[in-house]
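User: Please take a close look at the cavities of this structure. I should also like to see how the parts that surround them are arranged.

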Amino acid sequence: MSSSPVGLHRVLAPSGVLPQAADKLDARPEIWPDEVRIAVERLNLDAASYRQLAEAHGGDGTAIRRAVLDIIGARGKMQNPVTGSGGMLVGVVDEAGPESPLGVRKGDRVATLVSLTLTPLRITDELASWDGRSEQVPAQGHAILFARSIVAKLPDDLKPELSLAVMDVCGAPALTARVVREYVDKGTKPVVSVIGGAGKSGSLSLAAARQAGAARTIGIVPVRPEKDRLTAAGLADVVTLADARDPVALATAVEEAGGPADITVVCVDVPGCEHGAVLSTAAGGTVIFFSMATSFSAAALGAEGLAADVTMLVGNGYVPGHAGYALELLRTEPGVRGLFESRLAED
């Protein structure tokens, strides 16, 4: 069988679907001429996926670790069957096929910028160095990249754990900046509200919105410690408390903070925030969903039920140049870097 640039040759079941939709992938280490094999060093589980696993197992690290191993063993990839999401990884190029277009070679330390939900993966160390209590997972094994995969070399000036955390969410600030610039180019400096502003994607999105020319940035967080942390970081003009699952409370909080928002960016890892995001966005505005916990049917039907004239965008994780842009925000925005480093220290 010849290889496919999108990985069809690695799909074991069901036949005819792309790797992301497959129930099981072929994770054998032998590579086709256009593939790359990565020696895995660390996984970064998607926030929504890790939250679901932690809640399902009552925070029991051993049970969480076993669940992740079972998923990878059964599916040949890391794809949470409940959330449908995965994450990404860092490692070292072990072998690059002669026809691979990815521009990496043996020995390069890299981060994959495609989801673990479509990446053939095999773990060989039983995740023995992971306590199951954080999204970042020290691991040994291998992963396979296809010709149409995306990969970035890790910068020398940042710790791999920090680079991994940034690259896991690098699509969010890039798309936020693009949408803000589109408003500015049309003569409007938008009000931007970021739900989950103290998190990884949220803090980067706030920095990107301000840098791109937003008139006002609003950070929405659910609890006082996150409000204090985001306020100290200085990334938002206003930081306000609200439960994003309560549509009326969220809309009121955004209004009192200077809204409604022209652009709402959803960066939370819990379900049920769709209606609040729509309700707190101005008529003619834009809602960007970056959460894998989002129900897109709930978002669409909620907007219809509210007679809300808003454009809704799915953040697909890829914008050209997104990794470099996110890393530069980390380097140049002390508030962003401080939030990321404190989060890693807690993990």
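**The cavities and their surroundings**

Analyst: The largest cavity has a volume of about 50 Å³. The model is predicted, and it holds 2 cavities of 30 Å³ or more.

The lining of the largest cavity consists of Asn44, Glu135, Gln136, Ala165, Lys200, Phe340, Arg343, Leu344 and Asp347. By class, these residues comprise 4 charged, 3 nonpolar and 2 polar. Helix H11 (residues 334-346) supplies the largest share of this lining, with 3 residues.

The second largest cavity has a volume of about 40 Å³. Its lining includes Val266, Val268, Val270, Pro271, Gly272, Cys273 and Glu274, and Ser291, Ala293 and Thr294 also belong to it. In this lining 6 residues are nonpolar, 3 are polar and 1 is charged.

Val266, one of the residues lining the second largest cavity, leads to the sheet, for Ile195 stands opposite Val266 in S12. Strand S9 (residues 191-195) pairs with strand S12 (residues 261-266) in the parallel sense, over 4 bridges. Both belong to an open sheet of 6 strands, whose order is S11-S10-S9-S12-S13-S14 and whose pairing is parallel. At its edges are strand S11 (238-241) and strand S14 (311-314), each of which pairs on one side only. Direction ignored, neighbouring strands of this sheet are turned by 20° against each other on average.

Helix H5 (residues 200-212) packs on the sheet and touches S9, strand S10 (216-221) and S12. The direction of H5 makes about 170° with that of S10. Lys200, with which H5 (residues 200-212) begins, is among the residues lining the largest cavity. Helix H7 (residues 247-256) lies across S9, S10, S11 and S12 and runs at about 145° to S10.

A further packing concerns two other helices. The axes of helix H4 (residues 171-185) and helix H10 (residues 322-332) come within 8 Å and cross at roughly 90°, which makes H4 roughly perpendicular to H10. On the H4 side, Gly171, Pro173, Ala174, Ala177 and Arg181 make the contact; on the H10 side, His322, Tyr325, Ala326 and Leu329 do so. The contact of H4 with H10 has 6 nonpolar, 2 polar and 1 charged residues.

Terms used
Residues are numbered from 1 along each chain as its sequence is written. This is a predicted model: local features need pLDDT of at least 70, side-chain atom pairs count only at pLDDT 80 or more; totals for chains, interfaces and linings use all residues. Side-chain values use heavy atoms; hydrogens and water are left out. Axes are lines fitted to C-alpha atoms, for helices over the stretch in contact, and angles run from 0 to 180 degrees between N-to-C directions. Angles under 35 degrees count as roughly parallel, over 145 as roughly antiparallel, 65 to 115 as roughly perpendicular and the rest as oblique. Contact means heavy atoms within 4.5 Å. Ala, Val, Leu, Ile, Met, Phe, Trp, Tyr, Cys and Pro count as nonpolar, Asp, Glu, Lys and Arg as charged, and the others, Gly among them, as polar. On a 1 Å grid over the protein atoms alone, a cavity is a set of points where a 1.4 Å probe fits but cannot get out, and a pocket is an open set with protein on both sides within 12 Å along at least five of seven lines; lining residues have an atom within 4 Å of a point. Grid points are joined across faces, edges and corners, and a volume is the space filled by probe spheres set on the points. Two strands pair if DSSP finds at least two bridges between them.
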